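Subject: The structure we talked about

Hi there,

Here is the structure I promised to pass on. Please open it next to this email, and the notes below should help you find your way around.

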Amino acid sequence: MSSALTQAGLPATPAASPGRNHGGARLADLAWLTWRQHRAAIIAGLVLAAVVTAGLLYLAARITTINTECGNTECPTGAAAAAPLFGPFGLAGLSGDLALAVMLMPLLAGVFLGVPLLAREHEQRTLLLAWSQDITPQRWLWTKLAILGGLTAAAGAAMSAAVAHLAHVASIATGLDLFSGLAFLVTGWLPLVQSLAWLAVGVALGAAYRRTLPAIFTTLAGYAAAYYLVQWLYPTFRAPLTGLVPIGNNQSSPPGLGSNILVIQSGSGTIYDAAGHPVSPATIVSLCSSGSGKLLSAPCLVQHHFMSLLRYQPGSRIPEFHLILAGGYLALGAVAVGVVWLLARRTSLSAG
Amino acid sequence: MIALEARELTKRYGSVTALNECSFQLPAHGIIALVGANGAGKSTLMSIAAGLLPATSGEIFVGGRRVDARHKNRPADTAHRVAILGQDKPLYREFSVADMLTFGRRTNRVWDEQRARSWLDRFEIPPGRRCGKLSGGQRAQVALAVAIGGCPAVLLLDEPLANLDPVARSEVTGELMAEVAESGMTVILSTHIVAELAGVGEHLLLLAAGRPVLAGNIEDLLASHVRLTGPHADLPPCPGEVVQAHHNGRQSTFIIRRPDGPLPATVAPGWSSAPITLEELTLTYLKSSAKPRRALEAAA
């Protein structure tokens, strides 16, 4: 038997001097414990984040090349340089898929890192083991949460930066609207803030349920509810502006309103003339009624340069809206951390 | 020297009283048997002593130092260190045995690696095996190694022998006794199966409905209790505190506690005396303490 083994085969550890020693329960020791307990989730999470980030950067590089070929503007329809952007496996489609992955990363952080932190300890009754050593429960909890939070923040920051860069170059190449859909929800460092918020929510739900599965399902439900709530609420963060746009305009950003506008309401109510004065319905009918006298002829409306009212959020408000959303997620995370603190304080363990 | 002292210790869970104004002193250096039926308050008492659970009122002291569950810092001073091992001997299932020792070393300011390793050596636990794949006996050994490695002055073991086969049980108790003799620590071992304690405990604390009903050196307690059997009588034929009286037709049986030691085999014409076992002693006290409680419950 090797000399490095003891009588029963226990490997001799360098730090383990024979007899009594002092100095455990330091930050490095808690870092080891966190790593040892959560290493599978940490490795899987970091590898996934690295793959997604690399994919985002690769796509951004490819699209940047196309942008250069097209003179840093949207490529004309049918241009050969733009061909790789579209189609079933086009760069635009793949960018959307990766953006969806970025969108889901905060959920994974909550489910696979947050929930098990306390729920698994309760389930396996190991909280009694952990909290009866020389590390206070509060120190044990906050250090582990800080370590997992730090790793989550690092992965979230890398993905946030990469996806923001990709969205920027894609908006040049394809005219991608940055104020709606995934493009808005995954930019502005929201993946970073959301990851931290859902990590904290996962920990709080794990502490509340003390069971992994119910906490996971509640995290999933909460994430879905928050997603739809945000989709519903964010267009109303500020009172929309109004503007007149020519009837028949098919551009996502009508001329004069700036780029990346978020349309709240369009094409309803009063019709205006080219000078911006309201036109009476009788005048419109007399000018553009079709044969039956009830339907208006669309080409006629365009020909007369009639305009309709558009309610919209200007693209200049994107950073402000991102900030409001980030604030909301940070508040959610702060509430979750408060719940964890409260539940940890109230947790009384019994040996039986 | 006193290892553990409780003063008017009470713990309530809502309307349920787990410990009711418990006061006792337990001597240091030895194995103390904490006996009681299920729900008697053994685990609650141990959890409070370990600083894991706050008491509703009263105080508890380990080696003269007051335990405060609000400040869960375990003292580095070895005279006041407490380790607790729960009934289910919790271990991280995905950790190897060697990882568990690393866990102990890294989460304790005072750690005796050699002591923990030598405990595992005695039972030949495979160091590389995952804890989730260990047998119940092996899990108990690993959990005990981590507890012992923390150099506790008082080691609280909550039903540590439950789920162990007779061989493992005998090995654990034997090694515990050796460890106590070598290190001078105090082991408080709770159980509701008195047969487990045969030849193990030196001191007894019997809990019933959250109150201590009997405490003392086991040999002294056994020596001072005697069973008297004779013709039907309302009182025993000699002085002593009647712990239990049983009348069956023309025969009466008393278990009495005599402060001045055992009686001769024959105490009065027609009467015989016999010593009682530890199991009989604890059962007698548990039954006698249950009667007034049941009467109270019936009256309520």
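A residue is called buried here if 20 or more other C-beta atoms lie within 10 Å of its own, and exposed if 12 or fewer do. Please keep in mind that this is a predicted model.

With that cut-off in hand, have a look at helix α10 of chain A, residues 318–346. Its buried residues are Leu325(A), Tyr329(A), Leu332(A), Gly333(A), Ala336(A), Val337(A) and Val340(A). These buried residues pack against two other helices of chain A, α6 (190–209) and α7 (212–233). The 29 residues of α10(A) reach 42 Å from the first C-alpha to the last, close to the 42 Å expected at 1.5 Å a residue.

Stepping back to the whole of chain A, you will find 10 helices and five strands. Of its 352 residues, 35% count as buried. If you take the contacts in chain A between residues at least 6 apart in sequence, 80% of them join residues at least 24 apart.

Next come the helices α1, α2 and α4 of chain A. Helix α1(A) covers residues 27–69. How far does α1(A) span between its end C-alpha atoms? The answer is only 52 Å, whereas a straight helix of 43 residues would span 63 Å at 1.5 Å a residue. If you follow α1(A) along, you will also meet a kink of about 80°, centred on His38(A). Just after the helix, Gly71(A) takes a positive phi of about 75°.

Helix α2(A), residues 91–123, has a bend too, of about 55° at Pro116(A). Its 33 residues reach 45 Å from first C-alpha to last, which is close to the 48 Å expected at 1.5 Å a residue.

Both of these helices meet α4(A). Two packed helices are described by the angle between their axes and the distance between the axes, and those are the values I give for each pair.

The axes of α1(A) and α4(A) come within 8 Å and cross at roughly 5°. An angle under 35 degrees counts as roughly parallel, so α1(A) is roughly parallel to α4(A). The residues in this contact divide into 27 nonpolar, eight polar and one charged.

For α2(A) and α4(A) (residues 137–174), the axes come within 10 Å and cross at roughly 170°. Angles over 145 degrees count as roughly antiparallel, and α2(A) and α4(A) are therefore roughly antiparallel to each other. On the α2(A) side, the residues in the contact are Ala92(A), Ser95(A), Ala99(A), Val102(A), Met105(A), Ala109(A), Leu113(A) and Leu117(A). They meet Lys144(A), Leu145(A), Leu148(A), Thr152(A), Met159(A), Val163(A), Leu166(A), Ala170(A) and Thr174(A) in α4(A). By type, the residues of this contact are 13 nonpolar, three polar and one charged.

Now for some backbone detail. Most residues other than glycine have a negative phi. Which way does phi go at Arg125(A)? It is positive, near 60°, in a residue other than glycine. Arg125(A) follows α2(A) and lies in the loop between α2 and α3 (126–131) of chain A. With 16 other C-beta atoms within 10 Å, Arg125(A) is partly exposed.

Asn260(A) is another residue to click on: its phi is positive, about 55°, although it is not a glycine. You will find Asn260(A) in the loop between β2 (241–246) and β3 (262–272) of chain A. Is Asn260(A) buried or exposed? It has 22 other C-beta atoms within 10 Å, so it is buried.

Finally, two residues in strands of chain B. Ile188(B) sits in strand β9, residues 186–191, and is buried because 26 other C-beta atoms lie within 10 Å. Setting aside its neighbours within four places in sequence, Ile188(B) is in contact with Leu4(B), Leu26(B), Ile32(B), Leu34(B), Val154(B), Leu156(B) and Leu157(B). Ile188(B) and Gly36(B) are 152 residues apart in sequence, yet 13 Å apart in space from C-alpha to C-alpha.

Val226(B) belongs to strand β12, residues 225–231 of chain B. It is buried as well, with 22 other C-beta atoms within 10 Å. Between Val226(B) and Thr282(B) there are 13 Å in space, C-alpha to C-alpha, and the two are 56 residues apart in sequence.

Enjoy looking around!

Best wishes

Key. Residues are numbered from 1 along each chain as its sequence is written. Chains are lettered from A and ligands numbered from 1 in the order in which they are written. This is a predicted model: local features need pLDDT of at least 70, side-chain atom pairs count only at pLDDT 80 or more; totals for chains, interfaces and linings use all residues. Axes are lines fitted to C-alpha atoms, for helices over the stretch in contact, and angles run from 0 to 180 degrees between N-to-C directions. Helices (H or I, at least four residues) and strands (E, at least two) are DSSP runs, numbered from the N terminus. Angles under 35 degrees count as roughly parallel, over 145 as roughly antiparallel, 65 to 115 as roughly perpendicular and the rest as oblique. Two residues are in contact if their C-beta atoms, placed from the backbone, lie within 7 Å. Ala, Val, Leu, Ile, Met, Phe, Trp, Tyr, Cys and Pro count as nonpolar, Asp, Glu, Lys and Arg as charged, and the others, Gly among them, as polar. The expected span of a helix is 1.5 Å times one less than its number of residues. The bend at a residue is the angle between axes fitted to the seven residues ending there and the seven starting there.
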